[in-house]
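I opened the model and kept notes on what I looked up. The entries follow in the order in which I made them.

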Amino acid sequence: MIQAIVFLPLLAALIAGLGQRVIGTTASKILTTGALFASCALSWPIFLSFVAGSAEPSVTPVLHWVSSGALQFDWELRVDTLTAVMLVVITTVSALVHLYSWGYMEEDPDQPRFFAYLSLFTFAMLMLVTANNLVQMFFGWEGVGLASYLLIGFWYKKPSANAAAIKAFVVNRVGDLGFMLGIFGTFLVFGTVSIPEILAAAPGMAGSTITFLDMRLDTMTILCLLLFIGAMGKSAQLGLHTWLPDAMEGPTPVSALIHAATMVTAGVFMVCRLSPMFETAPVALGVVTFVGAATCLFAATVGTTQWDIKRVIAYSTCSQLGYMFFAAGVGAYGAAMFHLFTHAFFKALLFLGAGSVIHAMHHEQDMRYYGALRKEIPFTFWAMTAGTLAITGVGIPLAGIGFAGFHSKDGILEAAFAAGEGGQVAYWVGVFAALLTSFYSWRLVFLTFFGKPRWAASEHIQHAVHGDHHDHPADEHAGHDVAHAHAADAHEGTGGYHPHESPLSMLIPLGVLSLGAIFAGFLFAHPFIYPEEGMAFWKGSIAFDEHLMHAAHEVPTLIKLMPFVVMATGLFIAWNSYIRDTTLPARFVAQFGLLHKFLFNKWYFDELYNVLFVKPAFAIGRFFWKRGDEGTIDRFGPDGAAALVQGGTRLAVRLQSGYVYGYAFVMLLGLVGLASWAMVKFL
Amino acid sequence: MGLLSLMLAVPMVAAIACLFVTDRNARLIAFAATLIDFALGIVLWTRFDIGGAQWQFTERADLFGRFQWALGIDGMALMLIMLTVFLMPLCILASWDAITRRVGLYMAMFLVMETIMIGVFCAQDLILFYIFFEAGLIPMYFIIGIWGGANRIYAAFKFFLYTLLGSVLMLIAMIAMIREAGTTDIPTLLAYNFPPEMQTWLWLAFFASLAVKMPMWPVHTWLPDAHVQAPTAGSMILAGVLLKMGAYGFLRFMMPMFPDASAQLMWIVFVLSMIAVVYTSLVALVQNDMKKLIAYSSVAHMAIVTAGLFAFNQQGIEGALIIMLSHGVVSAALFFCVGVIYDRLHTREIGRYGGLAVNMPAYALFFMLFTMASVGLPGTSGFVGEFLSLAGIYEASSWVALVCGTGVILGAAYMLYLYRRVVFGELTKDDVKAMPDITAREWAIFVPLAAVALWMGVYPESFLAPMRGDVTTVVARLAPAKPAGDAHLAAGKSKAAEAHGEVAHGEAHQAGGVQ
């Protein structure tokens, strides 16, 4: 059964990708989508049986892979509670995204390729979560990286998409190098790469030391940190996050599936999978908490200033991943996984909703050209609202009733507060980020669906209205100037454009995901994060800390109320500045220009990396080539030798002059030389 | 006549025949002969007894003096011979239409080269080995010099000058070895313990020759020029097999024959390898010529091979061997990728292309596959080799592993950057638009290469199994001289250790790393 879940998508991808000419576009789409729905239908029973407590963990061997001395690993499929959670997340979102793409990609000439990539991605992701050894996890890890690269660059004629795709791959490779070194170190220490064996042996290694790069370090700390660098790359944590916003160059369904619901959560999954190992390395956990909290805050601040609807959601994703990491860092792995689970639904919903808006607005992604769409695309509006209610964590405090994010995010914050001093810092950072989350999420809704239409100024809309139908996703946000935006378009109207609601294939996924965003938290909070039920549910697949979860439920009432208060505050600020008094944001920007510029330019990370890494790499490369290879090695090596030979020949030619005294002179020199040598030698 | 002699004779006879027939027949004869050799290779592989005697298919005949016709293979040699006979028919196919001048001579050169390369891998006599090893220069020299590009004479001379210079030193070292040990028999020499101070000199002399063949930094500059000027099939065989002879020499001679010197001087190899990975990767990043870019990437890959070999452990050496095989297939495929579009547009300049995904989708797919294999994506052959060798290197030194590991990042950067400029982007240039997708002949070359690259990635056991015993032998030979790794794992004073009763388990494994 698990074989079917994992390999059906691969099979579909291969047939649709390689045989598209033979079987045609529609068949490719039916095949891939059908395979995914089949995988999804097979996954839910597994998950529900784990929820019911009737399933046992299992490992299914597939094929021998490598054995080299003690280093041995096979292709295997592991299914336990943690895997089961990921299985339903991946297959459900993937199946819905496949369906959604029928509508969203309808006009694209390259649909079989798109669907094949989506299915290929799903296969790689499934291999990642079913891995029983670190190397297969790495296979899935890089496999999803490849699929992500291919899908970001799906519109390969767009230079910006190509650049974003390469950036995503290379930045991820930086993390992957850390992951690889982590695997090597783990093998060196434990003599195996099998995950269960490592986790069993990890406590025995606590307190041991090892030399890494001539530094004497705590073994478990350095191993966990190296592995965590991998997680940081894939999950776009601060420092290695720069690829994620650019990845929005890909089609929107891709953003929903890969860059929101599944792939980017792989880092969180990895930390949870290896949680017994991380538990033996408190310093590493401290780093995880710090990086998570910092990312959570950083991304939220940037998210408040962006105009591109997808980028706002991308930074929001980055920020929510930060929540998951600091939950893991304080030891609340159940809460981290719970947020991963609910986030997959509401964030996929938000992205697909955004896709529906973009579809309605003829490829316009700039929120400055939206407004008043509530009545035009009501279904999308309600779906986006459900997603926003979920991400901002709306619920009735203390009663335990609320949207998905209410359960999972509050669970994280409470666990962080209960975890002691470091956790409490994370708690306050998280609370502040929640305020920002609420603000930017409602800002997005208000700018898009409320107020007056500002469509006329959009180039895309103008193209649409004036019948200039060339379907190019090429310059989706080229040429929009920040400065003229605010003032100019406030009084503009619809420009004669009529947005249209998306087709059914797009609305059904929105509906299903809305249900998830509304009920997922309420339905599954008990098994995921409640102390006793959690122990029974997780069955040791993560290092579930019963005491911490107990303590989390008994934090002071004020602490429990805090997320609600900041959520309401964020909502109020957003309402105040984007509905009540729409001139407020402009005045704020004028007042705090420098701060706004800093945030709007994403803390200048891209510029910094460009100066630090990209430009020097090319400059040094050119230097090595021109000055090193050509200027030094060749000049003094082969070319020099050739010149020497040539020079020598010329000299020899000149010596053979035909004059007797010349020869006599040389003979004399030779005699003198010989005589001197004999004297030195024998006297 | 033994199987190995037969494999040497078939291409040799065919080579002579090629000189006297029409162009068309020369192609057919060459293709048939290489296919026959490939079939013989499969027989060789199936009849090779894994886990049996170290040397199999041995043949011995006294010729004159101490000189013997002595052949025999172990698992490593078997795999490299398989690589040779696998690539050869593909090279002949690749030259089918591209070569129009002096076809008979060209085919003869390739067939002679095949004999020589098989000879290198199966020679059991030191002198015989040397003759094969150096003779390989001659056909390659002519292939570059006669059928090469505009600057072919310079490239051919550079290639010749570099490789010859090193080999003179190796010849002297070999004569010294024969005088010392009193035999030219390689298996006997493998067990002979040379005095340590002599080992150092012998090691350095061999190193001078083999480093050029690898090629290692800083004696690598002949390779980009040779590749750029060589015809497509010449590049394929140069990158595919000739570059492996250096590493083969390391593994066959330097490491097991001079273990003490190898341990003493391993730092030279590590330092040069580290420089090579970073240096040549960065140089590859700024190339405008496709072949130069891939040539530089070869130097970077070969640097991981040398570092992996000198890790002195099972993973490092097996990984290095898999990289050799994988690089043999993948770089040959990449050079063929260049050849395919060179045949259509007659330029190697990257900027002249762009947007090929539109009019050559099948080509784009294969190019993507080999690009990914080159950057070591798991599931392809490149990953298994890189992963194993880096794992081995890490056991020896975390610094070397880290620096060589940057090749993983830079490799992705230069290969994807190349791919983007050639295949992606808007299709604007008219002459590029007119390029048709790959032909049936090109499919026939791509498909086997792709199949092997994936096979080696998903189930490398087929390739590792024959070599395992030989690597174990080399590792055992090196073990007394092997320095400790830099990890120095020390158990902690933790109470958890006793509580979990895992001490024995943990310590049993530490042994590998701690020494």
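Entry 1, a side chain in chain A. With which side chain does the side chain of A:Arg78 make a polar contact at 3.0 Å? I found A:Asn132 as the partner at that distance. I also noted a polar contact from the side chain of A:Arg78 to the side chain of A:Asp80, at 3.1 Å. For polar contact I used a pair of N or O atoms within 3.5 Å; within protein, one must be able to donate a hydrogen and the other to accept it, and residues adjacent in sequence count only if both atoms are side-chain atoms.

I wrote down the conventions next. This is a predicted model, in which local features need pLDDT of at least 70 and side-chain atom pairs count only at pLDDT 80 or more, while totals for chains, interfaces and linings use all residues. Residues are numbered from 1 along each chain as its sequence is written, chains are lettered from A and ligands numbered from 1 in the order in which they are written, and side-chain values use heavy atoms, with hydrogens and water left out.

I placed A:Arg78 in strand β2 (residues 71-79) of chain A. Helices (H or I, at least four residues) and strands (E, at least two) are DSSP runs, numbered from the N terminus. A:Arg78 counts as buried because its relative accessible area is 18%; buried means under 20%, exposed over 50%, and partly exposed in between (1.4 Å probe, protein chains only). Beyond its neighbours within four places in sequence, A:Arg78 has contacts that include A:Ser58, A:Thr83, A:Pro196 and A:Arg273, where contact means heavy atoms within 4.5 Å.

Entry 2, chain A as a whole. I counted 29 helices and 6 strands in chain A. The C-alpha trace of chain A spans about 115 × 65 × 60 Å along its principal axes. Of its 683 residues, 60% count as buried. Among contacts in chain A with a separation of 6 or more, 79% join residues 24 or more positions apart.

Entry 3, the record. UniProt lists "domain: NADH:quinone oxidoreductase/Mrp antiporter transmembrane" (unreviewed entry) at residues 131-436 of chain A and places the feature at residues 123-406 of chain B. UniProt positions are in the numbering used here, feature names are shortened, and annotations may be inferred rather than shown by experiment. I computed 72% helix and 4% strand over the range in chain A, and 81% helix and 0% strand over the range in chain B.

Entry 4, salt bridges. I found 21 over all chains, taking a side-chain nitrogen of Lys or Arg within 4 Å of a carboxyl oxygen of Asp or Glu. A:Asp246 pairs with A:Arg311, with the closest N and O atoms 3.7 Å apart. A:Asp246 is in helix α9 (residues 243-246) and A:Arg311 in helix α14 (residues 309-329) of chain A, 65 residues apart. Both A:Asp246 and A:Arg311 are buried.

In chain B, I looked up B:Asp74 and B:Arg252, which meet in a salt bridge (2.7 Å, N to O). B:Asp74 lies in the loop between β2 (67-73) and α3 (75-94) and B:Arg252 in helix α11 (residues 232-257), so the pair ties together parts 178 residues apart in sequence. B:Asp74 is buried at 0% relative accessibility, and B:Arg252 is buried at 5%. Salt bridges that share partners join A:Lys167, A:Asp246, A:Arg311 and A:Asp606 into one network.

Entry 5, the interface. How much area do chain B and chain A bury between them? I obtained about 6600 Å², 70% of it on carbon and sulfur atoms; buried area is the accessible area (1.4 Å probe) that two parts lose on being put together, summed over both. The contact takes 81 residues from chain B and 73 residues from chain A. I found 1 salt bridge across the interface: B:Lys158 pairs with A:Asp634, the closest N and O atoms being 2.7 Å apart. Helix α18 (residues 398-422) gives the most to the side of chain B that touches chain A, with 14 residues. That side divides into 48 nonpolar, 21 polar and 12 charged residues. I counted Ala, Val, Leu, Ile, Met, Phe, Trp, Tyr, Cys and Pro as nonpolar, Asp, Glu, Lys and Arg as charged, and the others, Gly among them, as polar.
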